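Me: I am new to this structure and would like to know what stands behind some of the terms used for it. Please show the reasoning as we go.

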Amino acid sequence: MQIKSPQFKDNARIALADANLQQALDNLKSGFPGKRAAAIGRLPEFDQLRDQAKNIKNHAIENLDFYLETFASKVQDNGGHVHWAGSSTEACQTILDICRSVGARTVTKGKSMVTEEIGLNEFLQQHSVTPIETDLGEYILQLRDDHPSHIIAPAIHLNLPDVSEVFAEKHGTERKHDPQELMQEARDVLRQHFVAADVGITGANFYIPETGSTIIVTNEGNGDLTQTLPKVHIVVTSIEKCVPTLDDLSLFMRLLARSATGQECTVYNTLSTGPRQTGDQDGPEQFHVVLVDNGRSDMVGDDLQDMLRCIRCSACMNHCPVYSQIGGHAYGWVYPGPMGSVLTPKMIGIHNAGHLPNASTFCGKCESVCPVHIPLPKLMRSWRETQHRQQTSPATARLAISGWAWLARHPRLYQLGSNIAIKAMRLIGGKRGRLHNLPVGRGWTLWRDLPAPEGNSFQQQWAQQKHRLSDTGGNP
Amino acid sequence: MSLSPYLQAPTQPPKQPKVALFITCLVDAMRPSVGFATVKLLTAAGCQVEVPALQTCCGQPAYNSGAKQDTQKLARQNIKKFADFDYVIAPSGSCIGMLHQYPDLFTQGSADHQAAEDLARRAWEITSFLVDVMQFKLPPLQQDIQVTYHDSCGGLRELGIQQQPRQLLAQVSGLNINEMCEADTCCGFGGTFCVKFPDISNRMVSHKTANAEQSKAQLLLGGDLGCLMNMAGKLKRENSDLQTRHVTELLADMLAAPALGEVENTPLRATNTDLGYRA
């Protein structure tokens with residue numbers, strides 16, 4: 001996927017001016033957060049579950065080497081194959097090799113952000129294998145040559161007419177306006193692909209070392225058709241998605257859907273444990289798991305380790321007041337919102353993603369809704385510290401902050417400067433009680449006035465009062 | 001940005017505690033009235049209030065800009081300045097929230113870390129200090145007024161401040177709180193965020209002012225001057241007649257100064273019921 005994160009500010013400006021997008025974002029804002037709150041309201045032990053989930057994930061990450069080996073040997077015991085992919089390219093090549101080994105021409109795909117991350121669709125297409133997205137949202141995006149703007153509701157940036165238009169154009173059908181009819185049309189087209197596909201590729205919400213299983217949770221059932229009908233099932237997942245046991249899994253299942261869509265449970269929850277066994281009526285003949293690292297093992301033991309707990313529920317972006325103004329595409333790469341602002345710089349480099357960790361007011365709402373207590377603002381701040389240390393943040397901002405901090409450590413000079421600034425602001429805006437235009441800090445007065453200072457500083461006034469009191473022997 | 005672990009209030013309110021007012025750089029420069037209102041409230045609650053001289057800033061702009069070393073130096077300076085007080089009180093959840101993060105700046109077990117923890121345990125935002133620590137009851141006060149309250153993020157999520165200002169406001173007779181939608185959603189200020197990303201910030205504050213307007217309140221209140229200046233500045237740009245003040249000004253019955261961004265003390269706009277009556 002083309003990296004557009006360096007143009008974050010321009011992307012955001014375009015998004016703010018896009019009436020269609022704004023309408024779609026309003027729908028998101030009025031949907032998921034309210035449903036989540038209601039679902040959690042019905043689960044009094046939610047906070048305890050969150051604490052437990054955090055502990056389980058921390059344990060899994062601290063013992064990741066052990067769990068990865070356990071998982072791999074279980075998968076093999078079950079008759080499956082495990083492939084280790086250090087990078088995106090390695091992952092894509094591995095998947096292509098499997099496809100070629102069975103002479104695959106078309107592959108169906110369940111929804112998977114990891115395959116977006118590694119750029120799988122583009123890669124397969126370049127090598128004459130046609131991937132067909134089968135999640136409705138992803139399918140719409142594929143027809144439009146578009147990318148997800150949200151990790152669980154990929155086409156959230158689109159409205160009904162957008163879907164109607166692209167279906168008519170690409171399917172060569174009459175334009176439909178009823179969502180049910182559009183869905184039926186997609187279903188009819190996709191059914192043929194499900195049957196014809198040589199290989200089915202899905203992601204995994206979790207992998208479970210205890211049994212060598214992976215699990216997908218979906219609401220459309222497309223994932224099940226993707227993974228059971230073709231002869232070969234490839235699971236593409238990343239190394240941190242470890243939940244050690246099935247018992248642990250049941251805890252995460254209670255958290256995931258509630259945090260994501262506000263459902264008590266997703267509609268389809270499907271465990272895959274190896275290929276078809278003797279006596280099984282269906283299932284793939286081959287079962288492959290591609291375990292993608294792509295920078296994650298570097299995060300173990302560093303400042304960003306907490307991020308490896310992420311279960312991709314999307315609660316952080318659903319509740320983010322910045323995301324809800326600009327949508328996911330503005331972030332310019334695969335993962336948007338607060339979780340993306342932490343992950344993206346790791347994956348595409350901080351030089352490309354410098355704006356992202358700064359594009360937060362640190363309001364803390366993301367952290368407050370995170371089902372595994374990831375301190376997202378703290379992790380974004382850690383990127384800002386890296387930028388400051390490496391002097392890659394804008395020089396003017398860096399100098400301004402350092403200059404100001406120096407002044408703040410020299411209180412007499414600080415107060416002198418502060419008093420001069422107060423006088424200047426009073427001179428410009430005192431008559432109206434506010435400033436309409438500021439030579440510095442234009443970002444403020446571009447859109448709002450600046451209330452003028454009331455008069456002398458509090459500390460000046462306080463000192464004068466005290467002085468008067470001591471002159472009068474303490475009597476006011 | 002999680003709830004501070006240093007918020008243990010004593011079971012009994014302390015008697016005449018020695019309290020330092022941490023004025024905060026914004027209140028000091030932009031709105032001294034808030035400082036005087038805070039002193040008045042603290043005095044009414046039985047505190048011995050002092051204002052240590054030569055205060056500057058909590059260091060939050062540096063902290064959130066990634067300038068950790070600068071922040072550490074400022075933290076040490078403030079730890080020293082406020083060492084000899086039972087409590088350190090500011091009319092800002094954001095700045096007190098920063099004081100509660102000082103321990104994170106230093107290695108666990110170091111002298112700096114211990115001193116930072118000690119300061120954090122004594123540092124309280126004014127409304128939560130009055131309610132949670134002093135168990136303060138407001139002296140009789142009559143204000144026939146409809147207000148709405150914006151929950152600033154730092155106070156809300158770092159210090160758990162939500163009910164405290166409302167409990168105090170509920171003691172004002174004649175006062176009604178018209179809760180606005182999304183009262184706990186960020187106003188878009190975010191310190192340097194509002195100048196780094198003015199377009200996004202503007203959209204956020206526009207939502208906030210629209211919600212505040214819809215509440216039909218006459219006065220928008222909050223506990224943090226940064227957010228209040230952002231919202232008042234937007235309301236003024238929109239030519240709104242909804243006024244904005246810091247919650248302490250009302251609680252201390254110090255409404256003589258013009259509201260934020262006003263040049264004189266103009267009467268509040270008509271209430272919803274007044275409008276209905278006139279119609």
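Me: What do the buried residues of α1(A) pack against?
Reply: In this predicted model, they pack against α2 (19–41) and α15 (323–326) of chain A, together with α11 (198–214) of chain B.

Me: Which residues of α1(A) are the buried ones, and what makes a residue buried?
Reply: In helix α1 (residues 8–17) of chain A they are F8(A), A12(A) and A15(A). A residue is called buried if 20 or more other C-beta atoms lie within 10 Å of its own.

Me: How do you know that the buried residues line one face of the helix?
Reply: Looking down the axis of α1(A), the buried residues fall within an arc of 65°, so they line one face. In general, an α-helix has 3.6 residues a turn, so residues three or four places apart point the same way.

Me: Which exposed residues does the face turned away from the buried side of α1(A) carry?
Reply: That face carries D10(A) and A17(A).

Me: Why is α4(B) called oblique to α6(B)?
Reply: The axes of α4(B) and helix α6 (residues 111–122) of chain B come within 10 Å and cross at roughly 60°. Angles of 65 to 115 degrees would count as roughly perpendicular and those under 35 as roughly parallel. The crossing of α4(B) and α6(B) therefore counts as oblique. The crossing is left-handed.

Me: Which residues meet where α4(B) passes α6(B)?
Reply: A75(B), R76(B) and I79(B) in α4(B) meet D112(B), A115(B), A116(B) and L119(B) in α6(B). By class, this contact has five nonpolar, no polar and two charged residues.

Methods:
Residues are numbered from 1 along each chain as its sequence is written. Chains are lettered from A and ligands numbered from 1 in the order in which they are written. This is a predicted model: local features need pLDDT of at least 70, side-chain atom pairs count only at pLDDT 80 or more; totals for chains, interfaces and linings use all residues. A residue is buried if 20 or more other C-beta atoms lie within 10 Å of its own, exposed if 12 or fewer, and partly exposed in between; C-beta atoms are placed from the backbone. Helices (H or I, at least four residues) and strands (E, at least two) are DSSP runs, numbered from the N terminus. The arc is that of the directions from the helix axis to the C-beta atoms. Two residues are in contact if their C-beta atoms, placed from the backbone, lie within 7 Å. Axes are lines fitted to C-alpha atoms, for helices over the stretch in contact, and angles run from 0 to 180 degrees between N-to-C directions. Angles under 35 degrees count as roughly parallel, over 145 as roughly antiparallel, 65 to 115 as roughly perpendicular and the rest as oblique. A crossing is left-handed if the near helix is turned anticlockwise from the far one by less than a right angle, and right-handed if clockwise. Ala, Val, Leu, Ile, Met, Phe, Trp, Tyr, Cys and Pro count as nonpolar, Asp, Glu, Lys and Arg as charged, and the others, Gly among them, as polar.
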